[in-house]
Number of protein chains: 2
Amino acid sequence: MSEMRYDHTTGDWVVFAPLRKLRPHAETSPASSPPTEQTRMSCPFCPGNESMTPPEIAAIRPDGRGDSEWLVRVIPNKFPALRIEEDDRRRQQGRLFQHMGGCGAHEVIIESPDHSLLLCQQPVEQIERILRMAQSRFNDLMQDHRFQSIIVFKNHGEGAGTSLRHPHWQIIATPVVPRMLRQRYEQATEHFDRTGNCLYCELVNEELAADERIILTNAHYVAFMPYASHLPFETWIVPLRQQATFGQVPAGELPALAGILREVLLKLYVALDNPDFNLTIDVAPRGDEDKEYYQWHIRVLPRLSTTAGFEMGSGMSINTVLPEEAARFLRNGRSSTGT
Amino acid sequence: MSEMRYDHTTGDWVVFAPLRKLRPHAETSPASSPPTEQTRMSCPFCPGNESMTPPEIAAIRPDGRGDSEWLVRVIPNKFPALRIEEDDRRRQQGRLFQHMGGCGAHEVIIESPDHSLLLCQQPVEQIERILRMAQSRFNDLMQDHRFQSIIVFKNHGEGAGTSLRHPHWQIIATPVVPRMLRQRYEQATEHFDRTGNCLYCELVNEELAADERIILTNAHYVAFMPYASHLPFETWIVPLRQQATFGQVPAGELPALAGILREVLLKLYVALDNPDFNLTIDVAPRGDEDKEYYQWHIRVLPRLSTTAGFEMGSGMSINTVLPEEAARFLRNGRSSTGT
């Protein structure tokens, strides 16, 4: 049973999900230690333990094998923040206490049967499968018109808020457009209205011209650390051609996306010794997929520092590493071939 | 040398302060262990080590004692995010790379000569001195018209981002109004325009009427956990009478403020076993101190959970504890007299 409440002081909806208190915590052994047989026996994401999860939503299976084997598997989150069964009608108590049911969806994409292989250590074909599955779930959830926003993300490491170590992504569908996303979209729309250009396309062009913060490019994507990065080593992956949402990426471009994502994560893994990080996929709001105002992108957000009182009191970030220095370190500092 | 850069995608200015990488880290011994003689010798905030800090800005001294003794002491932060010497002119590289000097101020208020006495363990008179000093520094910094916003905050515990254990507050003056504060003020202004009432005063009245989330009240203040709290056990302290900014609190009301702050922190200390927390003071923007749109307030933000990918990708919070349950636990769950 979850609920959403409207914060009049900020304009945000807050998700209340008391059930999530009950979710299990990450194993306490160091992340680098190999999983024991006992770990594999108790991990709900490991092969053989499929009955420990809610019923499967989707899977990618190896060709010609039985239904028991899978390469990528999607299940409902057992401790969901939002649920499809809840009611999305707004209700009111008194004058200012506005709430609604915690209507939405919360799914888990298990990256592979392997309990301890990190995303950057997977073959590029497997990363492509994960992205294909994320896109397929994204587009399927968009069919439910109660969902206004679909947030695709990944948490790696306890400092990034992960509670189960077996590598996985998550998708949460929300019944409102989050205010932060609305506001970013307004920035981009205002820029388009004023200049006639997509803000993100212009930013990418300026970054390519400056050539100080670029990590990699390939036929379809560029990876760079933005001029005004909020976090040290924050890295964006952006399509070179304007595309408003992740749901639009042509199947033929997914291998290039998988390749650049793998390379970026591998460079961060090597340079920063397997840092905790979050990964998010930012997209245009529902209904604006055909407009030229926005460019969907991946943000990789290493969690190297702790948010403190200044950030919580002002909403501003203090970044102790200039992105051009971080980019130089990542490009030249160490070899990216060894894992 | 610090710098600010404008993020066109969000509308935020980001502070770049590479020097802050060099600041010392908190002692690694558990927070509950008593300080050793060696700790006191090396702590720049302990009496006798005044020469280890930049020159003192202000102090409260015991009556009739020499200049070497102090009860509360203010110094410049040795690793400042922003500095008074920097230039606040906007500059531009290319079309989209806007920046300015890291112009501002960054001060530290040392709470007491005692290395290990927590704020909630101080006598109420000492907390009043700290608040009086914070207010005095706030009003003094407001004299510099380059500073658009003054953020007063405290970090307690490593999970809240503190780097030195000796209890202290910090003040950062910024050359721009942070976008988050601008946006909150707009919410309050819009509410005032629509209803003719101060949003915060109305929220307080509704909370008092509901009486489900109130922690304490006294003659001048109320402490409660807001209906749409973003974090578990988030607690606000709000004046009962409309006051736009902390700078306006009459001296005669500071003892009541010190008293309610002490009681709130003590209840959290007991109920949650000395949790890490941030404390922030939220105020109306410069120039709007005479308007009735806003109510300054203290937010106490326990750091019980980790922000993860959903929060970073959407800006929305998932709170696993309903504020009425948290308030009941804090009010009735345990005695608040023991420390």
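What follows is a friendly exchange about a predicted model with chains A and B.

Biologist: Let's start with burial. Why does Phe233(B) count as buried?

Modeller: Buried means under 20% relative accessible area. Phe233(B) has 10% relative accessibility, so it counts as buried. You will find Phe233(B) in the loop between strand S11 (221–224) and strand S12 (235–239) of chain B.

Biologist: And why does Asp273(A) count as exposed?

Modeller: There the cut-off is over 50%. Asp273(A) comes out at 64% relative accessibility and therefore counts as exposed. Asp273(A) also sits in a loop, between helix H5 (254–272) and strand S13 (277–282) of chain A.

Biologist: What makes the phi of Asp273(A) worth a remark?

Modeller: Most residues other than glycine have a negative phi. Asp273(A) is not a glycine, yet its phi is positive, near 60°. Phe233(B) is another non-glycine residue with a positive phi, in its case about 70°.

Biologist: Now the sheet. What makes S15 of chain A and S5 of chain B edge strands?

Modeller: The open sheet has five strands, in the order S15(A)-S2(B)-S1(B)-S6(B)-S5(B), with mixed pairing. Strand S15 (318–319) of chain A and strand S5 (91–93) of chain B each have a single partner strand, so one side of each has no neighbour in the sheet.

Biologist: How do you know that S1 and S2 of chain B pair?

Modeller: Pairing takes at least two bridges. Strand S1 (residues 3–7) and strand S2 (residues 12–16) of chain B share five bridges, in the antiparallel sense. Within that pair, Glu3(B) faces Phe16(B) of S2(B).

Biologist: Which residues touch the most other members of the largest nonpolar core?

Modeller: Trp169(B) and Leu257(B) do, in a core of 58 residues. The top contributor to this core is helix H5 (residues 254–272) of chain B, with 14 residues. At least three core residues come from each of domain 1 (3–20 + 37–178) and domain 2 (180–333) of chain B. A second, separate core has 57 residues, among them Leu118(A), Tyr221(A), Val264(A) and Ile281(A).

Biologist: Last one: why is the relation between the chains called a two-fold axis?

Modeller: A turn of 180° with a shift of 0.0 Å along the axis lays chain A on chain B, at an RMSD of 0.0 Å. That is the relation of a two-fold axis. Both copies also use the same surface, as 100% of the contact residues of chain A recur in chain B.

Notes
Residues numbered from 1 in each chain as written. Chains lettered and ligands numbered in written order. Predicted model: local features only at pLDDT ≥ 70, side-chain atom pairs only at ≥ 80, totals over all residues. Heavy atoms only, no water. Helix = DSSP H or I, 4+ residues; strand = E, 2+ residues; numbered from the N terminus. Core = buried A, V, L, I, M, F, W, Y, C linked by side-chain atoms within 4.5 Å. Buried < 20%, exposed > 50% of the residue type's maximum accessible area, 1.4 Å probe, protein only. Domains from an automatic or database assignment. Least-squares fit on C-alpha atoms with pLDDT ≥ 70 in both. Contact = heavy atoms within 4.5 Å.
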